[in-house]
There are 2 protein chains.
Amino acid sequence: MSQEIYDVVVLGGGAGGVPAAIRAWQLGGKVAIVEARDLGGHCMNLGCIPFGHMMVASHIFKNLSLAKDMGLSVRDITINYPTLIKRQDEIIAFMRQGVRNTLKKNNVEVIEGRGRIAGKGALDVEGKSISCKKIILATGAQWQKPEFPGAELEEVVNTDFLITTKKLPQRVLLFGGSPWLLEIAQFLSHFGTQVTLATTLKRLLSKESKTIATRLRKVLNDEGIEIKTQATIEKVTKKKDGLTVELSAKEGLKEVVVDRIVTLERAAALKGIGLKTIGLDEESSFLAVNEKTETTAEGIYAIGDLTAPPEQHYSHRAAEMGIVAAENAMGKGTSLNPETLSRVLFTHPEVASIGLTPKEARGNGYEVIVGAAPLSMNPLGMILAEDEGIVEVVADKSYGEILGVHLIGTAVSEMIGEALMAIQTEATVYTLASTPFPHPTLSESLAEAARDALGNPIYLP
Amino acid sequence: MSQEIYDVVVLGGGAGGVPAAIRAWQLGGKVAIVEARDLGGHCMNLGCIPFGHMMVASHIFKNLSLAKDMGLSVRDITINYPTLIKRQDEIIAFMRQGVRNTLKKNNVEVIEGRGRIAGKGALDVEGKSISCKKIILATGAQWQKPEFPGAELEEVVNTDFLITTKKLPQRVLLFGGSPWLLEIAQFLSHFGTQVTLATTLKRLLSKESKTIATRLRKVLNDEGIEIKTQATIEKVTKKKDGLTVELSAKEGLKEVVVDRIVTLERAAALKGIGLKTIGLDEESSFLAVNEKTETTAEGIYAIGDLTAPPEQHYSHRAAEMGIVAAENAMGKGTSLNPETLSRVLFTHPEVASIGLTPKEARGNGYEVIVGAAPLSMNPLGMILAEDEGIVEVVADKSYGEILGVHLIGTAVSEMIGEALMAIQTEATVYTLASTPFPHPTLSESLAEAARDALGNPIYLP
């Protein structure tokens with residue numbers, strides 16, 4: 001029997017690889033997907049889904065103080081952590097089986113094992129040779145060992161630890177530059193851990209609008225999370241009662257005693273997948289691609305975390321790129337729209353944004369108009385006690401182009417889709433201002449912020 | 001001093017009248033608003049806001065069973081109804097003051113008293129004559145006495161009763177055709193009232209997609225609400241232990257014993273506002289207007305509940321019409337887009353929809369494609385236990401025009417804004433299918449349902 005030749009082989013069965021493989025089959029391809037570990041990748045197994053589950057628990061917990069104000073009597077809530085973990089493990093197992101079934105239904109062959117490129121049109125999966133016309137690289141990102149004195153201690157862990165532990169630690173230092181540390185800080189704090197959050201950045205959420213970042217900082221602060229910025233770890237000493245950490249930060253020197261230091265450092269997984277065999281660089285920080293997701297090597301596409309710095313490691317970015325890569329690999333010219341990448345954080349209140357901050361927009365040379373509608377002035381927002389919620393709309397003055405939308409509040413991870421849809425359809429701020437969002441919803445404030453940007457808010461005081 | 005002549009006088013200071021007055025001032029008008037009772041109208045004082053508040057309490061209550069599955073221990077929750085009512089009264093008082101301040105800031109004169117048209121360009125407010133160039137009628141709707149044997153009994157009440165009572169009744173019959181009865185049924189049921197929900201219609205939510213309506217019925221049914229359809233009240237007898245009601249329904253004859261019968265019947269408030277003086281009909285069921293909100297009388301505009309049958313009594317419709325009316329009254333030609341009216345119901349799960357059901361679309365002669373994505377297959381949906389959640393997208397096969405979107409699930413009142421934005425911008429189902437909604441959100445299922453309509457879902461089994 002002669003060797004099969006695949007139209008497309010996808011290396012990596014995660015958030016990007018799975019839709020890439022399915023889409024390639026839908027377009028008539030003979031397709032295989034190679035995965036060394038669990039189908040679903042980091043997002044499903046160790047990222048968005050388990051932490052999304054934890055954040056939902058965290059939100060319900062937080063809503064109990066609102067409940068109390070509404071006359072709903074509740075006893076102080078406590079968490080049975082093994083029950084939480086068991087439920088999320090079951091959901092993830094179900095989802096993993098779902099991915100397997102969907103790949104099967106779409107005739108995608110799943111090849112288990114570690115794959116690497118073995119030259120043009122050739123892959124090797126643990127000794128087995130595979131021939132194909134196109135390769136889509138979707139190996140994601142991998143954990144990086146942090147670099148500070150004491151980083152080698154066993155009490156220094158990454159966030160995987162929270163998924164396997166049976167008991168939450170009493171005192172934790174979260175250290176690094178990732179925005180997702182804020183979710184974890186809040187989750188731990190809600191369920192009784194004493195949290196110090198030390199960011200290496202100038203401020204929390206340094207890539208987000210200051211309006212939003214300041215408000216989230218206030219919430220975290222009010223909840224008792226100690227926040228340090230521009231932080232470095234000077235020294236870690238292991239003692240009987242925990243780790244003594246000397247922390248240097250903008251707020252001054254501080255010694256904290258904790259049970260764990262949790263870091264969240266990931267980088268594109270470029271090594272060991274044979275990039276050199278086709279002339280690609282495996283030493284850079286990520287693999288650059290064009291708007292068709294093509295690498296500089298012919299017939300080789302790359303998608304997802306592999307192709308971006310950590311702050312863009314969103315699985316919806318990976319999924320979108322997967323579909324674009326598959327369509328290009330199958331000869332259908334499709335391009336990415338870089339303006340439609342939204343950013344979400346499942347803190348309470350949630351943070352969601354798209355496009356440029358006011359400062360970035362000005363820096364890019366636009367004549368900028370900015371409008372804002374606090375959710376504390378929104379009817380549903382008052383009911384939900386959205387004290388720190390706000391909608392900020394950034395637009396170009398000349399043509400009304402929507403340049404950015406920045407949200408903090410309940411369910412803004414769903415609401416940001418409205419801004420996304422506006423940007424996707426190239427709607428102007430005038431259109432946004434006249435969109436009759438239903439009442440009472442937080443979405444109404446999106447239209448009001450747009451009207452504010454245009455100088456004619458209806459409801460703002 | 002000669003009498004002042006207003007450019008615009010708005011009759012009614014509710015959800016439509018307030019934005020109308022403010023917008024007219026923004027466009028350079030001298031404006032007054034006439035209100036006989038509380039600023040904010042029915043929505044703010046007796047409708048969306050108090051019931052929105054109750055539904056938020058109801059949602060938090062419902063989420064406690066999810067919390068339990070997640071390992072969050074809670075004691076059976078109880079409600080202190082006076083505390084709930086006190087909080088919502090305070091919010092409403094704050095909002096009313098906010099409306100007053102915003103009107104003041106925008107130089108809108110508030111004239112207190114009952115107003116009526118006294119001829120072309122003339123109004124009378126309790127004896128005071130007012131001259132104006134344009135009138136915007138925004139008197140809303142008013143309670144209708146139901147017509148069944150026994151309707152005159154004091155135990156037969158409308159929903160205002162829930163806002164003033166100190167204690168929830170033990171057994172209630174909700175009777176009528178309004179979709180909002182479903183919210184009230186669920187609220188009462190969650191907080192211990194035994195509820196019979198008797199709709200006069202063929203099925204619950206008869207104007208909504210059957211897919212959605214069937215799922216909500218199942219939820220209400222599972223919660224212990226007894227549901228009757230095509231119901232009529234044959235006889236009500238007042239006895240010592242309550243009202244004995246003979247109910248005839250599709251499900252058969254049934255005698256129920258209740259403490260209260262609650263109805264929700266409202267109709268356009270056409271009477272007593274002087275319509276006859278300018279040749280308008282006050283005997284019809286509502287006042288018809290064109291796409292500019294003009295009545296057939298020159299210079300007289302009408303907006304909101306006054307202009308529609310009860311199933312369109314949405315305050316966001318009133319607010320949108322208010323702005324359109326003000327812009328036309330001030331000489332700026334603006335038109336309503338009837339396709340952007342969304343419908344929302346704050347049950348748990350919420351229901352939200354826009355446009356045509358599959359059946360309506362077929363009835364209108366379209367060649368229809370329909371796609372559906374159950375939220376039980378959506379990653380966040382699995383976490384939230386969205387067993388009955390679904391997204392349904394209805395499109396025209398030839399051009400991909402989005403004809404309708406139908407949602408049931410958590411926070412779909414915010415999500416429907418995405419569909420609204422798509423329809424507002426005339427985006428096709430192809431655009432919706434390729435919109436990269438953030439992960440993990442329920443919104444992702446909107447794109448998946450669009451892909452399903454096109455025959456190429458990525459994640460559906």
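In which strand of chain B does Ile135(B) lie? Ile135(B) belongs to strand 8 (residues 128–137) of chain B, as the first legend below sets out. The model is predicted: local features need pLDDT of at least 70, side-chain atom pairs count only at pLDDT 80 or more, and totals for chains, interfaces and linings use all residues. Residues are numbered from 1 along each chain as its sequence is written, while chains are lettered from A and ligands numbered from 1 in the order in which they are written.

**Figure 1. Surroundings of Ile135(B) in strand 8 of chain B.** Strands, like helices, are DSSP runs numbered from the N terminus (helices H or I, at least four residues; strands E, at least two). Ile135(B) counts as buried because it has 30 C-beta neighbours inside 10 Å. The class is assigned from C-beta atoms placed from the backbone: a residue is buried if 20 or more others lie within 10 Å of its own, exposed if 12 or fewer, and partly exposed in between. Leaving aside residues up to four places away in sequence, Ile135(B) touches Val9(B), Leu11(B), Ile117(B), Leu123(B), Gly299(B) and Ile300(B). Such contacts require C-beta atoms, placed from the backbone, within 7 Å of each other. Tyr301(B) is 166 residues away from Ile135(B) along the chain, yet their C-alpha atoms are separated by 6.2 Å.

**Figure 2. Strands 6, 7 and 8 of chain A, with antiparallel pairing of strand 7 to strand 6 and to strand 8.** Strands are taken to pair if DSSP finds at least two bridges between them. Three bridges link strand 6 (residues 115–117) with strand 7, where Val125(A) is the bridge partner of Gly115(A). The hairpin of strands 6 and 7 has four residues between the strands, and Gly119(A) adopts a positive phi near 120° there. Strand 7 is joined to strand 8 (residues 128–137) by four bridges, and Ala122(A) stands opposite Ser131(A). In this second hairpin, with two residues between the strands, Glu126(A) has a positive phi near 45°. In a regular strand the side chains alternate between the two faces of the sheet. Strand 7 (residues 122–125) presents Leu123(A) and Val125(A) on its covered face, with Ala122(A) and Asp124(A) on the uncovered one.

**Figure 3. Parallel pairing of strands 11 and 12 in chain A.** Strand 11 (residues 171–176) is mostly covered, five of its six residues being buried. Six bridges connect strand 11 to strand 12 (residues 194–199). Within strand 12, Leu197(A) is the bridge partner of Leu174(A).

**Figure 4. The open three-stranded sheet of chain A, in the order 14-15-16.** The pairing throughout this sheet is antiparallel. Strand 14 (232–239) and strand 16 (252–258) of chain A stand at the edges with a single partner strand each, so one side of each has no neighbour in the sheet. On average, neighbouring strands of this sheet are turned by 15° against each other, direction ignored. Strand axes are lines fitted to C-alpha atoms (for helices, over the stretch in contact), and angles run from 0 to 180 degrees between N-to-C directions. Seven bridges hold the pairing of strand 14 with strand 15 (residues 242–249), in which Thr237(A) stands opposite Thr244(A).

**Figure 5. The interface of chains A and B.** In this interface, 76 residues of chain B are in contact with 76 residues of chain A. Helix 3 (residues 48–69) of chain B gives the most to the side touching chain A, with twelve residues. That side of chain B divides into 42 nonpolar, 26 polar and eight charged residues. Here Ala, Val, Leu, Ile, Met, Phe, Trp, Tyr, Cys and Pro count as nonpolar, Asp, Glu, Lys and Arg as charged, and the others, Gly among them, as polar. Strand 3 (residues 72–73) of chain A pairs in the antiparallel sense with strand 4 (residues 78–79) of chain B over two bridges, and Thr78(B) is the bridge partner of Ser73(A). The copies meet through the same surface, because 100% of the interface residues of chain B are also interface residues in chain A.

**Figure 6. Superposition of chain B on chain A by a turn of 180°.** The fit has an RMSD of 0.0 Å, with a shift of 0.0 Å along the axis. The two copies are therefore related as by a two-fold rotation axis. Superposition is by least squares on the C-alpha atoms of residues with pLDDT of at least 70 in both copies. Glu418(B) is the residue of chain B that comes closest to the rotation axis, at 2.3 Å (C-alpha).

Note on methods:
Contact = placed C-beta atoms within 7 Å.
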